[in-house]
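Let's take a walk through this one, starting with the overall layout and then moving to the ligands and a few local details. Keep the viewer open while you read.

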Amino acid sequence: MNDAPVKTHCPYCALQCGMTVSTRGAEVVIAPRTDVPANAEGALCQKGWTAAELLKPGARLTTPLLYGRPSTWQASLAHVAGRLAGIRAEHGSDGVAVFGGGGLTNESAYHLGKLARVALGTSQIDYNGRFCMSSAAAAANRAFGLDRGLPFPLTDLAGADVVLLAGANVAETMPPLVRHLTGPRLIVVDPRQTPTAKLAALHLQPAPGTDLALALGLLHLVVAEGLVDQEYVAARTSGFEAVAASAGAWWPERAERVTGVPAARMRSAVQMLKSADKAYILTGRGAEQHAKGTDTVTAFINLALALGLPGTHGSGYGCLTGQGNGQGGREHGQKADQLPGYRRIDDPAAREHMAAVWGVDPAVLPGPGRSAQELLDALGTAGGPKALLLFGSNPVVSAPRSGALAERLRGLDLLVVADVVLSETAALAEVVLPAAQWAEQDGTMTNLEGRVLLRRRALAPPEGVRTDLEIIQGLAAGLGHAWSADPDEVFGELRRASAGGLADYAGITHARIAAETGVFWPCPAEDHPGTPRPFLDRFATPDGRARFVPVEHRPPAEEIDEDYPVHLTTGRVLAQYQSGAQTRRIAALTEAAPEPFVELHPDLAEQLGIGPGDLVRVLSRRGSAEAVARITAGIRRDTVFMPFHWEGANRLTNPALDPGSRMPEFKVCAVRVEKAA
Ligand SMILES: Nc1nc2c(c(=O)[nH]1)N[C@H]1C(S)=C(S)[C@@H](COP(=O)(O)OP(=O)(O)OC[C@H]3O[C@@H](n4cnc5c(=O)[nH]c(N)nc54)[C@H](O)[C@@H]3O)O[C@H]1N2
Ligand SMILES: Nc1nc2c(c(=O)[nH]1)N[C@H]1C(S)=C(S)[C@@H](COP(=O)(O)OP(=O)(O)OC[C@H]3O[C@@H](n4cnc5c(=O)[nH]c(N)nc54)[C@H](O)[C@@H]3O)O[C@H]1N2
Ligand code: SF4
Ligand SMILES: [Mo]
């Protein structure tokens, strides 16, 4: 029997392309939708097309594992309850930590936060979004008073004359998005000549970790050439003078010395921006994942403000959020310092509101906990958590200096992992809980535009598998709480929880999302139209003005030297997703991207005696990894690139953190490269 196609969205990235899922006998069939603006032309990337493969039994988990052996839900949950009771009695509430993910639905993320704050009473919760766009979030909060990745619909991009992409390789990371960029001329800032850079009218190729100097150099030119939008700056911003003064010292030749980008190319970029009537500046992980990521994004926002772009119709600044629910995941309480609705956990009014929704005394709600990397670093240490409940992340592959992390996870009193596959991290767990997948449950996701979307259940999960909400329900029951696992009911509570907060979902219902193909937050009432462009009239700051914030360039936390003379930067390839836990189990994708590799320039390769296809060893102060050499003239001579989809790249990376966002410096560290024996 064939079931009618169910309208839903892709399991992977923040573009959340629309797709339908139907069954033809035992086969699950995916087709693109054309009613979702992100991929309205019916495009999907290879990951989207092949997403059904992991729904089949085989590669996925279908039974709980206790000490690595198949077990029952009853025995596994009872085991966890008993272990948690003992650990909490000995070490207190903060003895147990929770780690979440930006792939979870809003409902699951919300209940995971509630599990931590209400059922466990622990302050120790954070999530992998800290590794993703937290620097851009911090910078946007500082400048605009609100972090909504793109504060405009994606479709607005098509009307621009120029789009500057700083550290985003959208041709590989969000391929259908490129269709929105065929009109504008592109300026791409990337140390590599990526498929995206190949589409650009102008490619600026800075050394990793020098975007801040580049943005200051561009701002210097904008000021020096009288291109500042004076009227906009006077009417809509504050703090311009101090920022203009700080850019004064960044004449283009100085910026060239730091970045390696020729001053003439910076002048061309400014000419392009000058001639544009409508323009956007967008940042991705390349600019953000640095120990100075917040200041780097701030420098690009300052540039956008000087040009008069943010909060106007047809121009703007935006951050390209990465994970499927990276945006919603940071709004509803998985972050160490946040309560649902994008509220601050140290704000007494926010605590009072959430305590009322949860029916508890505000005094019992914990305060801010450790950020992701600090939390992972503290595991098992004196004063650190002794148990970890982990949902939807694979940090053994994706966290910086991952070698040390695996040791800390092994040393825990209790590690519980809820996942759809036996990931590298799940393989270390005392208890593994098999989770249902995207197509097997209802739930909402908030895409990179702040558009709240509906994922629909198209098939039943296999026997033995439970949804994240059911798993959280089971864990909460073991702690004496009776919670719903019904996505509709949980969304209803989330709406009340978010009401009055920055990310207000109070007026969003499943029926509205279905009828309108998504609703933009904030949406405080059911008769409110939602907010596609939140900054058109005013910014979310107390005085309604966007803030220029002066920032200064500084070198990466680890500079190259004689022992480690080459920059390593890391990122993504089209056919693999994140830690690869899902996509490495899909045949067509492993065929397209079968193994870890390191990209190096022909000059560097020659100097090291390395040929294409050679096995090379890359060493940093933190560890070493082997990979196959790919020789390409598209990369800078002083830089090598490794994707992080396989275990290895992150044995090398530097866990140095941004002081504000606590984002690790994934995008630059110092390495040595040698031919493996
Ligand atoms: N295929 C695929 N798509 C994905 C994902 C995936 O894993 N695979 N993950 C999703 C997620 S969670 C995210 S966050 C997004 C990320 O999307 P992107 O930000 O596009 O991805 P990255 O490859 O991490 O980084 C982008 C580019 O930054 C460049 N770069 C490195 N260092 C620097 C630097 O110092 N300055 C500048 N300007 N550029 C630099 C890299 O060369 C790379 O080409 O992708 C999403 N989409
Ligand atoms: N070197 C380097 N490291 C990086 C980055 C980089 O650019 N360079 N980028 C960073 C970024 S931007 C990100 S976002 C992180 C991501 O890194 P991770 O947090 O490791 O992300 P994933 O690999 O997506 O892990 C998700 C896990 O959850 C499982 N899963 C999928 N769906 C569900 C579900 O619905 N429920 C449950 N319970 N589990 C599910 C998957 O099988 C997988 O094991 O990596 C970061 N690490
Ligand atoms: S671009 Fe992102 S959302 Fe679209 S099909 Fe690919 S992975 Fe899925
Ligand atoms: Mo990400």
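## Layout

Into which domains is the protein divided? Going along the chain, there is domain 1 (6–55), then domain 2, which comes in two pieces (65–127 + 326–520), with domain 3 (134–320) and domain 4 (566–675) making up the rest of the list. Bear in mind that this is a predicted model.

Domains 2 and 4 are worth a look as a pair. Their centres, taken over C-alpha atoms, are 31 Å apart, and 17 residues of domain 2 are in contact with 19 residues of domain 4.

## The N-terminal stretch

UniProt, in an unreviewed entry, puts the feature "domain: 4Fe-4S Mo/W bis-MGD-type" at residues 3–59. In the model, residues 3–59 are 30% strand and 7% helix. The C-alpha atoms at the two ends of that stretch sit 25 Å from each other.

## Ligand 1

Start with the shell: 32 residues surround ligand 1, and Asp190, Asp211, Arg572, Gln576 and Gln578 are the closest. Sorted by class, that shell has 15 polar, 9 nonpolar and 8 charged residues. Domain 3 (134–320) and domain 4 (566–675) each give at least three residues to the shell. As for secondary structure, at least two shell residues come from each of helix H5 (170–173), helix H12 (285–288) and strand E23 (566–571).

Now for some individual polar atom pairs. A polar backbone atom of glycine 209 is 2.8 Å from an oxygen atom of ligand 1. On the nitrogen side, a backbone N or O atom of glycine 286 is 3.1 Å from a nitrogen atom of the ligand, while threonine 569 puts a polar side-chain atom 2.9 Å from a nitrogen atom of ligand 1. How much of the ligand's accessible area does the protein cover? On its own, ligand 1 has 900 Å² of accessible area, and the protein covers 99% of that.

## Ligand 2

Ligand 2 has 29 residues around it, with Asn128, Ser393, Ser398, Asp419 and Ser579 coming nearest. The class split here is 14 polar, 11 nonpolar and 4 charged. For this shell, at least three residues come from each of domain 2 (65–127 + 326–520) and domain 4 (566–675).

Two serines pair with oxygen atoms of ligand 2: serine 579 has a side-chain N or O atom 2.5 Å from an oxygen atom of the ligand, and for serine 393 a polar side-chain atom lies 2.7 Å from an oxygen atom. Aspartate 468 goes for nitrogen instead, with a polar side-chain atom 2.7 Å from a nitrogen atom of ligand 2. The protein covers 95% of the 920 Å² of accessible area that ligand 2 has by itself.

## Local details

Serine 246 belongs to helix H9 (residues 240–247). A polar atom of the serine 246 side chain lies 2.9 Å from the backbone oxygen of valine 243. Outside its neighbours within four places in sequence, serine 246 is in contact with Val551 and Glu552.

Two backbone features are worth checking as well. Tryptophan 521 and proline 522 are joined by a cis peptide bond, with omega at about -5°; proline 522 is in the loop between strand E21 (519–520) and strand E22 (546–547). Tyrosine 342 has a positive phi of about 60° although it isn't a glycine. You'll find tyrosine 342 in the loop between strand E14 (338–339) and strand E15 (343–344).

Technical notes:
Residues numbered from 1 in each chain as written. Chains lettered and ligands numbered in written order. Predicted model: local features only at pLDDT ≥ 70, side-chain atom pairs only at ≥ 80, totals over all residues. Heavy atoms only, no water. Near = heavy atom within 4 Å. Polar contact = N/O pair within 3.5 Å; in protein donor to acceptor, adjacent residues only side chain to side chain. Areas by Shrake-Rupley, 256 points an atom, 1.4 Å probe, with all protein chains shown as cover. Helix = DSSP H or I, 4+ residues; strand = E, 2+ residues; numbered from the N terminus. Nonpolar A, V, L, I, M, F, W, Y, C, P; charged D, E, K, R; others polar. Domains from an automatic or database assignment. UniProt positions renumbered as here; feature names shortened; annotations may be inferred. Contact = heavy atoms within 4.5 Å.
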